[in-house]
Amino acid sequence: MIPVLDWNHAATDRSKFTADLGRAVRETGFFLLANAAVSEDLRGKVFVLGDAFFGQPEDAKARLSILDTPHFRGWGKPGDESLDETRPEVDSKETFNIGLDLSADDPRVLAGEPFRGVNRWPDIPGFADTMLAYYNACHVQALGLLSVMAEDLGLPRDHFDALFVDPLSAMRLLHYPAASGQQNEIGAGAHTDYGAITLLLTDGEPGLQVKPRDGDWMDVPHVAGAFVVNIGDCMMRWTNDIYVSTPHRVLPPKRRRRSVAFFCEAHPDTVVAALPGTGEPKYPPIRAADYLASRLDATYAAKEAP
């Protein structure tokens, strides 16, 4: 069972909201968040402009290929990813990735730091401004959820704030074509997310499924206006496996499906180590950037494997 939590209750009944969230992230690692602090108008504009981008000819999108930059920004064509590293099938989805907005003369960009590149924008009026506004709104909402998680873990409410300044976080537009009927087709292969938490906005088209550790695949319900929120592997590691990062996948939809994911990640130099009060560490400390690199390298290498 995937619970629905109301973000308004974080202000009106913080203790109950914290308890409900704590239960959800320990059991399935998934919950639906109603009344999130991201305006409906902004959400609508993101979908409209995403449609405009994905509706372009392939050669126009290919000029922004994610494979042309080491910073994982730009367009990913169908087949560029294999999220399920255990299977030969590649994902049928196409994507567009956006990261922290940095200028070409930013010292981190000039130094060639991993994940510190410039965003790559299509020539679509309003696209960049809208996507960055959405990125920033999701970052604020994610920090709000992290403050609740800190309290749930017995830490100060602001424990994570400084650790997520200038984050590695990525926003991803996703477009899943309608199922073609080919054997073993998959929209997005079974996987767990890499980061701290993910905020996912969908258009309501079915396809997203989750596999609880003690159960079979089940559909994630759609609640109009609610975000799907889930724990990523980095947060599971951080909490010493107290919070669970649960496998999920996207089946080929009957009609095209669109969604927008915000992958909340820490600052590159944040050291991810077992949080105070979580017991004997199960994992060695690791920099957030090094952990993310290890996971992304595996994802993109999988599609090149014989």
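Buried means under 20% relative accessible area, exposed means over 50%, and partly exposed lies in between (1.4 Å probe, protein chains only). Helices (H or I, at least four residues) and strands (E, at least two) are DSSP runs, numbered from the N terminus. The model is predicted: local features need pLDDT of at least 70, side-chain atom pairs count only at pLDDT 80 or more, and totals for chains, interfaces and linings use all residues. Residues are numbered from 1 along each chain as its sequence is written, and side-chain values use heavy atoms, with hydrogens and water left out.

**View 1. Strand β12 is mostly covered.**
Strand β12 spans residues 257-264. Seven of its eight residues are buried. Two strands pair if DSSP finds at least two bridges between them. Strand β5 (residues 170-176) pairs with β12 in the antiparallel sense, over seven bridges. Tyr 176 has Arg 257 of β12 as its bridge partner. Strand β7 (residues 197-202) also runs antiparallel to β12, joined by six bridges. Here Leu 199 stands opposite Phe 262, and Thr 202 stands opposite Ser 259.

**View 2. Eight strands form an open sheet.**
The order is β1-β2-β10-β7-β12-β5-β4-β3, and the pairing is mixed. At the edges are β1 (4-6) and β3 (74-76), each pairing on one side only. From one strand to the next, the twist averages 25°. Axes are lines fitted to C-alpha atoms, for helices over the stretch in contact, and angles run from 0 to 180 degrees between N-to-C directions. Strands of a sheet pair through backbone hydrogen bonds, either parallel or antiparallel.

**View 3. Two helices touch the eight-stranded sheet.**
Contact means heavy atoms within 4.5 Å. Helix α3 lies across β3, β4 (94-98), β5, β7, β10 (227-231) and β12. It runs at about 60° to β5. Helix α6 packs on the sheet too, touching β2, β4, β5, β7, β10 and β12. The direction of α6 makes about 130° with that of β7.

**View 4. Strand β2 has buried side chains pointing both ways.**
How many of the five residues of β2 are buried? Five of the five are. Phe 30, Leu 32 and Ala 34 point one way, while Phe 31 and Leu 33 point the other way. In a regular strand the side chains alternate between the two faces of the sheet. Three bridges join β2 to β1, and these strands run parallel. Asp 6 stands opposite Ala 34 of β2. Four bridges join β2 to β10, and these strands run antiparallel. Phe 30 stands opposite Asn 230 of β10.

**View 5. Helices α2 and α6 cross at about 85°.**
Helix α2 covers residues 14-27, and its axis is 9 Å from that of α6. The two helices therefore count as roughly perpendicular (65 to 115 degrees; under 35 is roughly parallel, over 145 roughly antiparallel, and the rest oblique). From α2, the contact includes Phe 17, Leu 21 and Val 25. From α6, it includes Leu 145, Val 148 and Met 149. The contact residues divide into six nonpolar, three polar and four charged. Ala, Val, Leu, Ile, Met, Phe, Trp, Tyr, Cys and Pro count as nonpolar, Asp, Glu, Lys and Arg as charged, and the others, Gly among them, as polar.

**View 6. An open sheet has four strands.**
The order is β6-β11-β8-β9, with antiparallel pairing. Strands β6 (188-191) and β9 (218-219) stand at the edges with a single partner strand each, so one side of each is left without a neighbour in the sheet. Three bridges join β8 (residues 208-210) to β11 (residues 248-250). Val 210 has His 248 of β11 as its bridge partner.

**View 7. Two cysteines sit buried and unbonded by disulfides.**
A disulfide is a pair of cysteine sulfur atoms within 2.5 Å. How many disulfides does a search of the whole structure find? It finds zero. For Cys 138, the nearest cysteine sulfur is that of Cys 264, 9.7 Å away. Cys 138 is buried, with a relative accessible area of 0%. Cys 264 is buried as well, at 1%.

**View 8. Two loop residues have positive phi.**
Neither is a glycine. Asn 35 has phi near 60°. Asn 35 lies in the loop between β2 (30-34) and α3 (40-54). At 41% relative accessibility, Asn 35 counts as partly exposed. Phe 115 has phi near 70°. Phe 115 is in the loop between α5 (107-110) and α6 (127-152). Is Phe 115 buried or exposed? Phe 115 is buried, with a relative accessible area of 9%.
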